[in-house]
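Got your viewer open and a cartoon view ready? Load the model shown here and follow along.

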Amino acid sequence: MQRLLEQHAQGRLPHALLLAGAAGSGKFRLAQSLAQALLCENPSAGLACGQCHGCHLSAAGTHPDAHTLVPEGTSQGIKIDQVRRLVEFGTRTAQYNGARVALIAPAEALNRSAQNALLKTLEEPGRGLVLILVSHQPSLLLPTLRSRCQQRHLPLPEPAAALEWLVPQAGEKEAPALLAAAQGAPLRALELQQADWFAAREQLAGQLLSVAQGRLSPAQGGQALAAHDPRVMAGVLYGWLARASVLAALGDNVEQADPAGVQDPKVEPILRQLAAQLPPARLLRAAQRVMEGRRQLMGGANPNKELLMEQWLLVLVGVDAAAGGF
């Protein structure tokens with residue numbers, strides 16, 4: 001953050017930044033803090049002062065030199081009309097200290113037409129305009145869009161630091177399970193406290209094991225999983241299957257899989273049984289199939305949920321559906 005502000009003071013801040021990293025890692029908050037600092041009249045130590053007129057306007061969401069682009073209403077995507085309004089914003093003159101900031105999150109919510117509509121602004125931004133794009137999956141963005149941005153990858157915090165931050169807010173008992181379920185993303189972990197699937201996670205993970213053991217068919221397991229949002233379940237299943245593949249690969253050295261000790265006591269024993277049941281290559285392939293499906297879901301696909309889950313679970317019994325499709 002401090003380095004970005006120093007670049008701004010020296011006139012070397014990129015006009016387009018792409019902040020990439022795992023969902024729930026704090027990228028959006030960082031982008032908001034950077035935007036507020038750029039619009040602040042007296043930033044200090046990389047942060048907005050919080051006292052000037054610009055900060056008051058930013059806090060109220062009424063700063064005329066700030067523009068935020070996020071999915072509207074219940075939509076999962078950012079529409080081209082929203083991009084056109086941003087493009088028009090980019091042609092204006094700054095009303096305050098000369099800086100203008102446009103924040104887009106998540107950038108992969110832009111469909112192909114919306115991304116193409118943004119390209120000219122990224123290539124030729126108006127005077128003083130900084131565009132900050134936040135992305136959980138930058139691979140879903142057009143190469144032409146990514147090439148016009150300076151990408152900064154934000155890693156997840158160390159598990160110990162994430163737990164230290166999470167415990168006062170989620171409680172010492174629940175924090176490790178939440179963090180494990182969120183795959184180390186602390187903000188995502190907080191959100192999971194209200195997620196219906198999290199309360200049922202032991203039963204849901206048990207569906208994977210039952211399918212792998214032949215006690216349930218992939219169709220039966222898929223029906224139970226389909227009660228939840230497939231975009232959410234894709235991330236959850238990928239995390240579980242990837243974890244199980246690591247456990248399977250380690251075999252007798254399984255304790256090396258998580259030196260920080262951040263585990264979900266309800267799910268971890270099930271994943272260890274799953275790892276003992278199936279070879280690591282099959283578990284890894286199952287995780288890859290889930291990720292392939294998640295990319296298509298994020299791209300706007302709307303498949304039958306039960307069929308989608310069934311096809312993911314088929315890999316656990318040695319049947320791999322056509323790669324790249326539902």
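What follows is a walk through a predicted model, one selection at a time.

**Stop 1: the sheet**

Begin with the strands. Five of them make an open sheet, and reading across you should get β2-β3-β4-β1-β5, with parallel pairing. Colour β2 (66-69) and β5 (150-153) to see the edges: each has a single partner strand, so one side of each has no neighbour in the sheet. Going from one strand to the next, the twist averages 15 degrees.

**Stop 2: β3 and its two partners**

Now select β3 (100-104). How many of the residues of β3 are buried? Five of its five, so β3 is mostly covered, taking under 20% relative accessible area as buried. Turn on side chains and you'll find Arg100, Ala102 and Ile104 pointing one way, with Val101 and Leu103 pointing the other.

On one pairing, β2 and β3 run parallel over four bridges. To pick out a bridge there, show histidine 67 together with alanine 102, its partner in β3. Trace the chain from β2 through α4 to β3 and you have followed a right-handed β-α-β crossover.

While α4 (residues 80-90) is lit up, notice that this helix lies across β2, β3 and β4, at about 165 degrees to β2.

The other pairing joins β3 to β4, also in the parallel sense, over five bridges. Select leucine 103 and isoleucine 132 for a bridge pair here, the isoleucine being in β4. Then add α5: β3, α5 and β4 make up a right-handed β-α-β unit.

**Stop 3: a cis proline**

Stay around the end of β3 and show proline 106, which is in the loop between β3 and α5 (112-123). Check the peptide bond joining alanine 105 to proline 106: the bond is cis, with omega about -15 degrees.

**Stop 4: serine 135, and β1 next door**

Move along to strand β4 (residues 129-135) and select serine 135. Is serine 135 buried or exposed? Its relative accessibility is 0%, so serine 135 counts as buried. Leave out the sequence neighbours within four places, and its contacts are Leu18, Leu19, Ala20, Gly21, Lys27, Ala107, Glu108 and Leu141.

One of those contacts, alanine 20, stands opposite serine 135 in the sheet pairing. Widen the selection to strand β1 (residues 16-20), and you'll see that β1 and β4 pair in the parallel sense over five bridges. Next bring in helix α2 (residues 27-39), which packs on the sheet and touches β1, β2, β3 and β4; its direction makes about 170 degrees with that of β4.

**Stop 5: a positive phi**

Jump to glutamine 183, in the loop between α8 and α9 (186-191). Phi is near 55 degrees here, a positive value in a residue that isn't glycine. Glutamine 183 counts as partly exposed because its relative accessibility is 42%.

**Stop 6: helix α11**

Select α11 (residues 201-212) and put a distance between its end C-alpha atoms. You should get 17 Å, which agrees with the 16 Å expected for twelve residues at 1.5 Å a residue.

Ten of those twelve residues are buried, so this helix is mostly covered. Among the buried ones are Arg201, Gln207 and Ser210, along with Leu204, Leu208 and Val211. What covers the buried residues of α11? Show α8 (175-181), α10 (196-199), α12 (218-225), α13 (230-250), α14 (268-277) and α16 (305-314), which are included in that cover. Just after the helix, stop at glycine 214, where phi is positive, near 80 degrees.

**Stop 7: two nonpolar cores**

For the last stop, show Trp197, Leu237, Trp240, Leu241, Leu274 and Leu316 as spheres. In the largest nonpolar core, which has 50 residues, these touch the most other members. The helices α7 (159-170), α8, α10, α11, α13, α14, α15 (280-298) and α16 each supply at least two residues of this core. The largest share, nine residues, comes from α13.

Zoom in on leucine 316. Not counting residues up to four places away in sequence, leucine 316 touches Leu208, Val211, Leu241, Leu278, Arg282, Leu283 and Ala286.

Finally, swing over to another core, which lies apart from that one and has 23 residues, including Leu69, Leu118, Leu141 and Cys149. You have already met Leu141, as one of the contacts of serine 135.

Methods: Residues numbered from 1 in each chain as written. Predicted model: local features only at pLDDT ≥ 70, side-chain atom pairs only at ≥ 80, totals over all residues. Heavy atoms only, no water. Buried < 20%, exposed > 50% of the residue type's maximum accessible area, 1.4 Å probe, protein only. Contact = heavy atoms within 4.5 Å. Expected span 1.5 Å × (residues − 1). Pairing = 2+ DSSP bridges. Axes fitted to C-alpha atoms, helices over the stretch in contact; angles between N-to-C directions. Right-handed = clockwise from strand over helix to strand, strands pointing away. Core = buried A, V, L, I, M, F, W, Y, C linked by side-chain atoms within 4.5 Å.
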